[in-house]
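Work through the exercises below with the sequence and the 3D view open. Try each task before you read its solution.

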Amino acid sequence: MAHDAEAPSDIPFGPEDAPWQKTFSDLRLVGGLPYGTPPSADPRDAYIGVPEVPHAKVQLPPGGLDPGQYEEAEALFRSHIDTQTRNFAGYQVTSDLDYRPRLAHYLDRHLNNVGDPFQSSSYTLNSKVLERAVLDYFASLWHAKWPHDERDPESYWGYLLTMGSSEGNLYGLWNARDYLAGKRLRAHDRGTGVLTYEQAPKGEEHGPNAFHPIAFFSEDTHYSLTKAVRALAIDTFHAVGSTRYPNENPLRPGAPWPTEVPSTADGAIDIERLATLVRFFACRGYPILVSLNYGSTFKGAYDDVAAVARTVRGICTEYGLHRRRIRRAATDDHDERSGYWLHIDGALGAGYAPFLEMARNVGMVDQAPPVFDFRIADVHSLTMSGHKWFGTPWACGVFMTRTGLQMTPPKSSEYIGAADTTFAGSRNGFSALLMWDHLARHSYDDQVRLAAGCDRLAGYAHERLLDLQHRLGRDLWVARSPQALTVRFRQPRAEIVHRYSLAGETVPVNGVPRTYVHLYVMRHLSRELVDELIADLHRPGAFPPEPTADPPRRPRPRVVT
Ligand SMILES: *Cc1c(COP(=O)(O)O)cnc(C)c1O
């Protein structure tokens, strides 16, 4: 460390390299001592640096930066972000944005959509009028019944997320857990003004596991699902299998339970194995919670939602989990609900697949991904990120379910004047404005062209990488899952990974771990950038040499994207 010899009080800080305590004005010195704690070590050594944006220039002394210092710091950060934006090719996020000319005004307006999107409140600085327009747009696109009508259980209900699909997954699984565990439906409380987060009593027809939902998702699932089941204390088939039925793994008798449902090589959930696992738990009376991927994070694969729905419904019907009577405490009333829940994580795919389907229907592309939306009666909830396919400057998204599946919110919320039916408290009202702006300015036709263009460019990138593999005479592991907007290949050297922001993942292939990266074709990507990347990959040394010995076997690390 560079500053071992220095006392913490001498650590240079901020653009002037002055000791932190010397940056205080007299006004803030009390008894000669600065307010707050001084640094106990040099933050410039403690944190990862960004070479283009030196720590010193952006550190924040208590007195702030003067105009010249601000200008210099902001220029460095801007140039760094603009360079990375130009070459951004490894994540499923659109970086070609143009909201500023119309929406800069709103950066100086507070917009907060706190509470239910369909209820107005005394909190008038909101954009719920735009949020409802955006929700209706997606309800139609995803074949749900709209408009939302609180008296119609078949109509959709949803809201715009303040986080991305991670929040949609969390909310969907929360709703699913309480639904399957026999909590009270929201419909019961409508009009009564009283909320009760009530647990239904078990009837004689309910076995010991009847209110103990078990979660299933594939090994290609985004890490937010693992986080959601942790946060919500939902048991996975792995957790219950390994503790209650340790020697009964139905996929491989005697072997440990897999942590997730196996996938095919393309990255889609293996339906036969899913069925075996679901049957194991359904026949013991556990309700079934399945989360499916529609555009998996790394391979861009689509789970076959319709086939899974048929399979899960069929198995659940055999074991009386198809329709269940759930009593209401202290009354003779009951409701009838399914003993399974299908959540669709369409973070990326739910945004463009409808347009690819339209493109296929008019012959612009040969194939489209399988149907995933509310046309499938067993789809209970669906989420999509707004910043991925559509493109926004920050995370946002859509959550959608049916009104009849909503659970009672935990507490009434008179203070905000709207039911607290969403996950967040304050919700980002600017995001509704961004999505509304985007949809208002891009017709279906525009979006069909964009989606078909990306599909073609992904095909082009795939061909160019296969061609490169041929020219280099080396297996670069080039692969594209059917209709995916991503192409994966062997990880090149670090400079190239950084230059194009290529995301990596280590996947075992025949037991040997391989570190892949992928290229994601979003609408900002051009043929020129694909060609540039191919040229960089063609240079000598672009790929590290093969290791001589077989690398040791190790478990597959989860990658963070
Ligand atoms: C990106 C992604 C998520 C998480 O979405 P965020 O918007 O980052 O919260 C969830 N699922 C899949 C399949 C994803 O690709």
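The exercises cover a sheet, a loop residue and several salt bridges.

This is a predicted model, in which local features need pLDDT of at least 70, side-chain atom pairs count only at pLDDT 80 or more, and totals for chains, interfaces and linings use all residues. Residues are numbered from 1 along each chain as its sequence is written, and side-chain values use heavy atoms, with hydrogens and water left out.

**Exercise 1. Give the strand order of the open sheet of seven strands and find its edge strands.**

Step 1. Fix the terms. Helices (H or I, at least four residues) and strands (E, at least two) are DSSP runs, numbered from the N terminus. Two strands pair if DSSP finds at least two bridges between them.

Step 2. Read the order. It runs β5-β13-β12-β11-β8-β6-β7, and the pairing is mixed.

Step 3. Pick the edges. β5 (156-161) and β7 (235-236) each pair on one side only.

**Exercise 2. Work out in which sense β12 pairs with β11 and with β13, parallel or antiparallel.**

Step 1. Recall the principle. Strands of a sheet pair through backbone hydrogen bonds, either parallel or antiparallel.

Step 2. Take β11 (residues 340-345). Its pairing with β12 is parallel, over four bridges. Asp-345 faces Thr-383 of β12.

Step 3. Take β13 (residues 397-402). Its pairing with β12 is antiparallel, over five bridges. Met-384 stands opposite Val-398 of β13.

Step 4. Add β8 (residues 288-293). β8 and β11 pair in the parallel sense over six bridges. Here Ile-288 is opposite Tyr-340 in β11.

Step 5. Trace the connection. β11, helix α11 (residues 349-361) and β12 form a right-handed β-α-β unit. Right-handed means that, with the strands pointing away from the viewer, the path from the first strand over the helix to the second runs clockwise.

**Exercise 3. Explain why strand β12 is described as largely enclosed.**

Step 1. Set the cut-offs. Buried means under 20% relative accessible area, exposed over 50%, and partly exposed in between (1.4 Å probe, protein chains only).

Step 2. Apply them. Seven of the seven residues of β12 (residues 379-385) are buried, so the rest of the structure largely encloses this strand.

**Exercise 4. Locate Gln-483 and list its contacts.**

Step 1. Find the loop. Gln-483 sits between α13 (444-472) and β14 (486-490).

Step 2. Classify Gln-483. Its relative accessible area is 15%, so it is buried.

Step 3. List the contacts (heavy atoms within 4.5 Å). Leaving out residues up to four places away in sequence, Gln-483 touches Tyr-302, Tyr-352, Gln-367, Ala-368, Pro-369 and Asp-455.

**Exercise 5. Compare three salt bridges: Asp-116 with Arg-186, Arg-323 with Glu-336, and Arg-449 with Asp-446.**

Step 1. Define the bond. A side-chain nitrogen of Lys or Arg lies within 4 Å of a carboxyl oxygen of Asp or Glu. The whole structure has 30 of these.

Step 2. Asp-116 and Arg-186 have their closest N and O atoms 3.8 Å apart. Asp-116 is in the loop between α4 (100-103) and α5 (128-141), and Arg-186 in the loop between α6 (165-180) and β6 (214-216), so the pair ties together parts 70 residues apart in sequence. Both residues are buried.

Step 3. For Arg-323 and Glu-336, the closest N and O atoms are 3.9 Å apart. Both Arg-323 and Glu-336 are exposed.

Step 4. For Arg-449 and Asp-446, that distance is 3.7 Å. The two are three residues apart in helix α13, so about one helical turn separates them. Asp-446 is partly exposed, at 28% relative accessibility.
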